[in-house]
Amino acid sequence: IMAFAMEFAMRGKNVVGGVFLVASAAVISQQIVGLDNSTLVQSSAYKKKLQIHYPYLFLIPTVLVLYTLLVLVHIWMIGHPVAGMTISQNYSRQATYILTLGIYLFLGEIYFGFCYKYYLPASGILIFVVMPVAGFLNTAMNYDIWACKSLLFSTIAGYLFVIVGFVLSVVFSNICYKKPLSITAFKGIWVRK
């Protein structure tokens, strides 16, 4: 509810509301991965399913549905201009939003692919690579540095970013599968003996 409130309050000025909305799906997928901490699960056939299959069975369709919902909301916003903006500026802002959110989701999906195995290095990359990229994207959005003039291009490119992000995330998850879960990532629920 807060994410949608932010979306309508910001009217495409930044992607924070959209990122929060989609992150809710990642939280549930994280809980599925967390079930793998049980020693009973570690020695069963469900180990791989709980680390790779089930989280993505939930995450991929949920993120695609939420991204589609946000795309539709911002297409609707094109027909309802923001006060103080021309129709052309508002169109560009909403198209830019759709593409920028796709890029954010791409980065988040890649992080999801290996953060539960390499929590500290993944967090370092998140802080020193993803955050500066996010800062650039926000600056670009706010100053029209990268104003998108085509809604069709932004929508197709946004979906491509989301889909390629998931493909890479699944690949990274499979590559890292045999590595133990990071103690740091699950410190609150995992006691190492």
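**Close-up views of an all-helix predicted model**

**View 1. A26 sits in helix 2.** This is a predicted model, where local features need pLDDT of at least 70, side-chain atom pairs count only at pLDDT 80 or more, and totals for chains, interfaces and linings use all residues. Residues are numbered from 1 along each chain as its sequence is written, and side-chain values use heavy atoms, with hydrogens and water left out. The helix label follows DSSP: helices are H or I runs of at least four residues, strands are E runs of at least two, and both are numbered from the N terminus. With a relative accessible area of 26%, A26 is partly exposed; that class falls between buried (under 20% relative accessible area) and exposed (over 50%), using a 1.4 Å probe and protein chains only. Look for L59 as the partner here: A26 and L59 are 33 residues apart in sequence, yet their C-alpha atoms are 6.5 Å apart in space.

**View 2. Helix 2 (residues 16-34) meets helix 4 (residues 46-78).** The two axes come within 9 Å and cross at roughly 165 degrees. For the geometry, axes are lines fitted to C-alpha atoms, for helices over the stretch in contact, and angles run from 0 to 180 degrees between N-to-C directions. Helix 2 and helix 4 are therefore roughly antiparallel to each other. The cut-offs are under 35 degrees for roughly parallel, over 145 for roughly antiparallel, 65 to 115 for roughly perpendicular, and oblique for the rest. As for handedness, the crossing of helix 2 and helix 4 is right-handed: the near helix is turned clockwise from the far one by less than a right angle, whereas anticlockwise would make it left-handed.

**View 3. Helix 1 (residues 2-10) crosses helix 4.** Here the axes come within 11 Å, at an angle of roughly 25 degrees. That makes helix 1 roughly parallel to helix 4. This crossing of helix 1 and helix 4 is right-handed. M2 belongs to helix 1 and is exposed, at a relative accessible area of 64%. Between the C-alpha atoms of M2 and L21, 19 residues apart along the chain, the separation is 8.4 Å.

**View 4. R11 has a positive phi.** Most residues other than glycine have a negative phi. R11 is not a glycine, but its phi is about 55 degrees. You'll find R11 in the loop between helix 1 and helix 2, and its 17% relative accessibility makes it count as buried.

**View 5. A nonpolar patch lies on the surface.** Its members are I125, I127, F128, V129, M131 and V133, which together have about 580 Å² of accessible area. Patches take residues with over 30% relative accessible area and no salt bridge, joining like charges within 9 Å and nonpolar side chains (Val, Leu, Ile, Met, Phe, Trp, Tyr) within 5 Å. A salt bridge, in turn, is a side-chain nitrogen of Lys or Arg within 4 Å of a carboxyl oxygen of Asp or Glu. Areas come from the Shrake-Rupley method with a 1.4 Å probe, and for residues only the protein chains shown count as cover. Zooming in on one member, M131 is in helix 6 (residues 119-142) and is partly exposed at 47% relative accessible area.

**View 6. S182 lies in the segment after helix 7 (151-176).** S182 counts as buried, with 10% relative accessibility. Its C-alpha atom is separated by 6.0 Å from that of Y119, although the two are 63 residues apart along the chain. Within helix 7, F172 counts as partly exposed at 29% relative accessibility. F172 and C115 are 57 residues apart in sequence, and C-alpha to C-alpha they are 9.8 Å apart.

**View 7. The whole chain has 7 helices and 0 strands.** From the N terminus on, the elements run α-α-α-α-α-α-α. Of the 193 residues, 44% count as buried.
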